[in-house]
Structure formats: C-alpha cells, structure tokens
Amino acid sequence: LFFASFKTQPYCNCSLEQKHNSKMSEPQCPLGYGSGKRTSADVGSSSIVECVLCRTFIYDMTKVIPCQCRYCHGCAIQLKDCLQCGRDVEGVERIADVDIGNGASQNSDEPRDHSASSNRKIEFILKAHLKSMSSCREQAIFILQMAARHERARNYHAALKRYEQVLEIPEDKDSIHLERAIALSKCATLIDMELSKEDANQQINNLMDTSARNKAVVEIDDKFRLAEHELKEALTSLPAVAPSVNDEPLQKHDQTAGHVLNAFSVLYSQWAYVLWNQRGIEDPNTSNTKSQAVEKLRQSLDYKVKAVHDHGEGTAVDIARSMYSLAQCLKALPGASVESGKEEILQAINELSSYISKLEQNTSGADLDNVESLRQFLSKMVQEIQECK
C-alpha cells in the first residue's frame, strides 16, 4: 500500500532485465550501457549485477555450491535448486571482496576489471546510477523500489539495509519526507519480524536476552515515531489546494495530500499490528499495548476516511476493511462485551453496501468476480452482527 503513492518507475534506464543484444533508443545509464560506448561484452552480463530471484542489484553476493552461480545471500539460502542452471544446491558461500590490485583505477572507485563479480563493482554501478538522477526524491524512490523487490523475494536483511539507505540521502530542493517515512516504517516492521523469528526459535536456542529484546522494541517504537514526524512534515509542506467542485478531477497537490494521508493510515495500521503482537517485554510501560494498538487503529481509520472522502485516494472498501479490523480488535480486548465492535461493523456494512450498489450500476463483466468477493465480505459482517443479538 505504501507504494501506491508512487507512479511506477522503470527499474533502471539501462534495463538490466532486457536481453544484452537489445537496442535502446535513448540510453541514459551513467555507465553508457546501450549507447555504443560500452557493451555487455565490456562489462560482463547482467547476472553479475542482478540477482535472479529478487530482480534487483545483488546485495551481499553469495555463490551457490557446486554450480557457482551468484545471488544475494538472503536469496541464495532459500534455494534448493539453482534458478539459473537447475542444479541442486548443496550449500552457499559468501564472496568476499578482494584487493583487485592492478585491476583497479588509481583515480576512481571503479574496478577496471569489469568481469570481476564483486560487491564493490555492484555498489559502484549503483552509485553511478544514483548520481545520474536529477533529484534526491528520484533516488529515494529508486532505492525504495529496490528494497521492495528484496522484500517480495523474502530477502528481508537486504530489504532492511536498502530501506536504511534511503535515510542516508541528503535532501535537496525536493522534499523526501514521505519517502523517509515509508523507509522508517518498513524498517520498524522488518525489525519486528526478526523478533518474531527469535520467538519461534526460543525453545531451541536462547537467541536474544531480555535487554537486547527491550532495545529492539524501543528501536521499533522510535522508528514509528520518526516516520510519524516525517509524515507530519510532508503534510505541512504541501501547498494549500481548494477542494474540487462538481466532481472535477482532483488537482495534483490535492492528490499528493491524499497520498500522505493514506501513508498515515498505513503507518498507524502497521504500528497497531506491532503493538498488538508485541513480544513479552518486561516493561510496565508496555502492559497496555493492546489498548494502544486500538488507538492506533482508530487513527488509521480516521486518516483513511479523510484520504478517501476528501481526496479520492482509495475506495469505500478500504474504509470498510479498516473498520472491520478495528472491530475485531475491540472484540478481542480483555473484558470486551458481546456488543464490542458492533458499531464499527455496522458502519463498515453501510460503507460497503453503498459501494457495491454503485459498482453494480457501472460494472463491466470483468468486474463481476470483484463484486462477488465484496458480497461475500459483506455477508460475513452481516452474519457477525446477527450473532451479536
């Protein structure tokens, strides 16, 4: 959901995913790929730079045994069969950067031996590509997309490092408050994910002591608070825009405000999830975390309603789902009554019923499956209300 704020960007102007012999009309890669200045024969194949599993720049290069094919370390350890050659994977081995010696340029960080597969080479290409971009915001979005690809491939360590890299980008004339907020929130959720892994292994190995766990929880909370601050800065920095009249298209800045409000909603929803599932911390300040989670969900819902109703960012379905999530948490609170969450479910039913009616009037045959799934969700909520009586 965070990435709904961004218009889809090409992964790389030099398109590592294209075949090496493809022709490019306007190459803009800072290293000259496709321009005639350099060719794939000069610099080696894209597999040297790109991980086949997560489809982005390799992070922490690792070779699989025995075939020697290269991946990110976090991707390689997931494999049973090599995706490049099909051989069974018997083990993995990190590739350490070595002193290239006469292969390195004296006046540049660039390795002169372009066929050398090294983390150093990959980071050089990445830095060169980032330097070619026109703004810090373009850089931030590019790195966020890289991190998202790592995360989608379940390479969470690489994703965390890339999200942290966004926080190192100095701002220029373009504000990157929204991008920094996204990175901070994602860092928090990934650190929480690591805690959950520790909990799963706790009976086997005592992997994390109480002090380290407390430190991790404090770090998670700090990152969420910093993300909240960045979003507030993003919202206040937006120019004032008059609301649209007579269903006219929303103005550009108004749409941007909707993106920020939606990011607020996602932030508080993720924060609530972490608080609700917070792992047994021995701290009196965290004894009421489930109630805190409910408050975060209420904040998430408030921002979601503003984003949808005031700025057209999202639909009534998003509101209904947020209301339903809040209702489920209210019902699960200690001491909750049978009426807990009923009001929120009724509001969700009203939102969804109205939306389905509008959708059925304007829908095409291709949307019938979507309508049916929404009707099933509606029926589920109606059934819950009947059980409360």
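A crossing of two helices is called left-handed when the near helix is turned anticlockwise from the far one by less than a right angle. With that in hand, here are the close-ups, all taken from a predicted model.

**Figure 1. Helix 9 against helix 10, a left-handed crossing.** The axes of helix 9 (residues 289-311) and helix 10 come within 9 Å and cross at roughly 165°. Angles over 145 degrees count as roughly antiparallel, so helix 9 and helix 10 are roughly antiparallel to each other. From helix 9, the contact takes in Val294, Leu297, Arg298, Leu301, Lys304, Val305, Val308 and His309. Helix 10 answers with Ala316, Asp318, Ile319, Ser322, Met323, Ser325, Leu326, Cys329 and Leu330. Sort the residues of this contact by type and you get 11 nonpolar, three polar and three charged.

**Figure 2. Helix 10 against helix 11, also seen as a left-handed crossing.** Here helix 10 (residues 316-332) meets helix 11 (residues 342-362), with axes that come within 8 Å and cross at roughly 160°. Helix 10 and helix 11 are therefore roughly antiparallel to each other. On the helix 10 side, look for Ala316, Val317, Ile319, Ala320, Met323, Tyr324, Leu326, Ala327, Gln328 and Leu330. Their partners in helix 11 are Glu344, Ile345, Gln347, Ala348, Glu351, Leu352 and Tyr355. The residues of the contact between helix 10 and helix 11 split into 13 nonpolar, two polar and two charged.

**Figure 3. The largest nonpolar core, with 95 residues.** Which residues have the most contacts inside this core? They are Phe57, Val64, Tyr71, Tyr163, Leu231, Leu352 and Met381. Helix 8 (residues 252-276) gives the most to the core, with 11 residues. Zoom in on Leu231 and, leaving aside its neighbours within four places in sequence, you'll find Leu178, Ala181, Val260, Ala263, Phe264 and Leu267 in contact with it. For the wider setting, the protein has 12 helices and three strands, and 46% of its 389 residues count as buried.

**Figure 4. Phe264, a buried residue of helix 8.** The relative accessible area of Phe264 is 0%, so this residue counts as buried. Beyond its neighbours within four places in sequence, Phe264 is in contact with Glu228, Leu231, Lys232, Leu235 and Tyr303. Gln299 is 35 residues away from Phe264 along the chain, yet their C-alpha atoms are separated by 8.5 Å.

**Figure 5. Glu230 and Ser300, two buried side-views of the helices.** Is Glu230, in helix 7 (residues 210-236), buried or exposed? Its relative accessible area is 9%, so Glu230 is buried. Skipping its neighbours within four places in sequence, Glu230 is in contact with His177, Arg180, Ala181 and Leu184. Ser300 lies in helix 9 and is buried too, with a relative accessible area of 4%. Outside the four places on either side in sequence, Ser300 is in contact with Ser265, Tyr268 and Ser269.

**Figure 6. Cys72 in strand 2 and its surroundings.** Strand 2 covers residues 70-72, and Cys72 is buried, with a relative accessible area of 0%. Not counting residues up to four places away in sequence, Cys72 touches Cys51, Cys54, Phe57, Ile58, Tyr59, Asp60, Thr62, His150 and Asn155. One of these, Cys54, is 18 residues from Cys72 along the chain, and the two C-alpha atoms are separated by 8.3 Å.

**Figure 7. Backbone oddities at Pro66, Arg55 and Arg154.** Most residues other than glycine have a negative phi, and most peptide bonds are trans. The peptide bond from Ile65 to Pro66 is cis, with omega near 10°. Pro66 sits in the loop between strand 1 (61-65) and strand 2. Arg55, in the loop between helix 1 (40-43) and strand 1, has a positive phi, near 60°. At 30% relative accessibility, Arg55 counts as partly exposed. Arg154 has a positive phi as well, of about 65°; look for Arg154 in the loop between helix 4 (136-152) and helix 5 (156-166). With 59% relative accessibility, Arg154 counts as exposed.

Note on methods:
Residues are numbered from 1 along each chain as its sequence is written. This is a predicted model: local features need pLDDT of at least 70, side-chain atom pairs count only at pLDDT 80 or more; totals for chains, interfaces and linings use all residues. Side-chain values use heavy atoms; hydrogens and water are left out. Axes are lines fitted to C-alpha atoms, for helices over the stretch in contact, and angles run from 0 to 180 degrees between N-to-C directions. Helices (H or I, at least four residues) and strands (E, at least two) are DSSP runs, numbered from the N terminus. Angles under 35 degrees count as roughly parallel, over 145 as roughly antiparallel, 65 to 115 as roughly perpendicular and the rest as oblique. Contact means heavy atoms within 4.5 Å. Ala, Val, Leu, Ile, Met, Phe, Trp, Tyr, Cys and Pro count as nonpolar, Asp, Glu, Lys and Arg as charged, and the others, Gly among them, as polar. A nonpolar core is a set of buried Ala, Val, Leu, Ile, Met, Phe, Trp, Tyr and Cys residues joined through side-chain atoms within 4.5 Å. Buried means under 20% relative accessible area, exposed over 50%, partly exposed in between (1.4 Å probe, protein chains only).
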